[in-house]
Amino acid sequence: VFLGDGQTISEGKLMESDIVGKVSFTGSIDTGRQVHQAISLTNPNFPKVTLELGGKSPLIILDDCDLEKAVNAAMVANWTSNGQVCSNGTRVFVHASMKDEFLDLLVEQTKNLKIGHPMKDDTDIGPMISKSHMKKVMEYIDIGKNIDKASLVYGGKRPKGTKGYFLTPAIFADCTDDMRIVHEEVFGMVMSVLTFEDEEEVLARANATPFGLAAGVYTDSLTRAHRMARQLKAGTVWINNYNLGPVELPWGGRKQSGTGSENGTYDAMFEWTIAKSVYVELDGN
């Protein structure tokens with residue numbers, strides 16, 4: 001494990017070293033491309049590379065599901081780790097017939113979350129990782145309100161009486177696919193709620209992204225869920241849950257969300273070992 005920022009690692013010539021047999025990187029798409037290129041151009045041995053990059057994952061809430069459970073899933077999919085999770089389902093597609101009820105319950109439940117010190121047991125939401133990142137998320141909230149013209153139905157502000165890089169979760173409604181808050185990765189607590197009418201429509205819109213890390217489907221029909229999971233272009237699809245990561249299952253993205261897989265039995269062994277063929281002649285000679 002090599003600790004340090006990008007400059008430290010670059011100056012240490014880590015990726016050029018012939019003792020490196022494997023590189024696993026988690027971060028942005030741009031940096032991931034640089035890592036992959038640096039390995040290809042400068043390392044003499046072509047070590048294996050695993051990249052887990054960005055995401056703008058869809059969470060699809062169908063009209064036959066338990067609404068309260070779906071709202072809880074949307075909160076897990078967006079507020080986990082204060083929104084700083086690459087797999088978060090920040091594009092929440094809700095069937096049009098459920099939109100108002102969904103938003104009412106979502107706002108009510110989100111209001112009950114306690115913002116505070118992350119080491120306290122009763123804290124639900126902690127601070128952003130840094131001041132600069134908090135400012136970036138606040139810029140996206142401003143874009144959502146003033147450029148995208150989405151409806152901010154809750155949050156998106158600095159909470160009163162707190163010291164630190166805290167924000168209240170932002171819930172945007174009346175969103176469309178072309179809005180920046182919808183198609184760009186924010187990496188913060190900015191949820192975009194979109195509506196749809198049928199499966200074919202929502203699948204096309206959910207897949208209309210350069211990312212492919214994760215997706216979620218909420219429905220009471222497993223037949224319907226598996227039908228949609230087969231068509232979602234994502235490395236992981238959760239059905240009636242979100243952001244679970246058991247080590248037994250492989251974890252990796254499609255499209256610009258990365259290459260290779262971590263975890264899983266076969267996948268992890270393949271990614272972190274090198275196959276060797278050994279032929280033994282047993283004819284007695």
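This briefing covers the nonpolar cores, strand pairing, selected residue environments and salt bridges of one predicted model. The largest nonpolar core has 33 residues, and helix 3 contributes eight of them, the most of any element. An open sheet of three strands runs in the order 1-2-10. The structure holds 10 salt bridges, and some that share partners join D63, D64, E199, R224 and R227 into one network.

**Nonpolar cores**

- Within the 33-residue core, the residues that touch the most other members are I61, F102 and I171.
- Two or more residues come from each of strand 3 (58-61), helix 3 (67-79), strand 4 (91-95), helix 4 (99-111), strand 6 (170-173), strand 7 (190-196) and strand 8 (214-218).
- Helix 3 gives the most to this core, with eight residues.
- A separate core of 30 residues lies apart from it, and includes F93, M134, A215 and M228.
- Leaving out residues up to four places away in sequence, I61 touches A70, V92, F93, V94, H95, M98, F102, F196 and Y218.
- In soluble globular proteins, nonpolar side chains tend to be buried together.

**Residue environments: L67 and S192**

- L67 is found in helix 3 and counts as buried because its relative accessible area is 12%, under the 20% cut-off.
- Beyond the four nearest places in sequence, L67 touches M98, E101, F102 and L105.
- L67 and T219 are 152 residues apart along the chain, and their C-alpha atoms are separated by 9.5 Å.
- S192 belongs to strand 7 and is buried, with 0% relative accessibility.
- The contacts of S192, not counting residues up to four places away in sequence, are T90, R91, V92, F172, C175, I181 and V182.

**Strands 8 and 9**

- Strand 8 and strand 9 pair in the parallel sense over four bridges.
- G216 has W238 of strand 9 as its bridge partner.
- Strand 9 (residues 236-239) shows alternating side chains: T236 and W238 point to one face and are buried, whereas V237 and I239 point to the other face and are not buried.
- In a regular strand the side chains alternate between the two faces of the sheet.

**The 1-2-10 sheet**

- The pairing in this open, three-stranded sheet is mixed.
- Strand 1 and strand 10 (258-259) are at the edges with a single partner strand each, so one side of each has no neighbour in the sheet.
- Strand 2 (residues 48-52) pairs with strand 10 in the antiparallel sense over two bridges, and the partner of L51 in strand 10 is T259.
- S24 is found in strand 1 (residues 22-26) and is partly exposed, with a relative accessible area of 39%.
- S24 is in contact with T50, E262 and W272, leaving aside its neighbours within four places in sequence.
- From C-alpha to C-alpha, S24 and E52 are 8.0 Å apart, with their positions 28 residues apart in sequence.

**Salt bridges**

- D63 and R224 meet through their side chains in a salt bridge, at 3.3 Å from N to O.
- This pair links distant parts of the chain, 161 residues apart: D63 is in the loop between strand 3 and helix 3, and R224 is in helix 8 (residues 222-231).
- D63 is partly exposed, with a relative accessible area of 39%, while R224 is buried at 18%.
- R224 also forms a salt bridge with E199, with the closest N and O atoms 2.7 Å apart.
- E199 lies in helix 7 (residues 199-207), 25 residues from R224 in helix 8, and both residues are buried.
- R205 and E201 form a salt bridge whose closest N and O atoms are 2.7 Å apart.
- Both R205 and E201 lie in helix 7, four residues apart, about one turn of the helix.
- R205 is buried, with a relative accessible area of 16%, whereas E201 is partly exposed at 26%.

**Surface patch**

- V278, V280 and L282 form a nonpolar patch on the surface, and together have about 360 Å² of accessible area.
- V278 is found in the segment after helix 9 (265-272).
- V278 counts as exposed because its relative accessible area is 65%, over the 50% cut-off.

Technical notes
Residues numbered from 1 in each chain as written. Predicted model: local features only at pLDDT ≥ 70, side-chain atom pairs only at ≥ 80, totals over all residues. Heavy atoms only, no water. Core = buried A, V, L, I, M, F, W, Y, C linked by side-chain atoms within 4.5 Å. Buried < 20%, exposed > 50% of the residue type's maximum accessible area, 1.4 Å probe, protein only. Contact = heavy atoms within 4.5 Å. Patch = residues over 30% accessible without salt bridge, like charges linked within 9 Å, V, L, I, M, F, W, Y side chains within 5 Å. Areas by Shrake-Rupley, 256 points an atom, 1.4 Å probe, with all protein chains shown as cover. Salt bridge = Lys/Arg side-chain N within 4 Å of Asp/Glu carboxyl O. Pairing = 2+ DSSP bridges.
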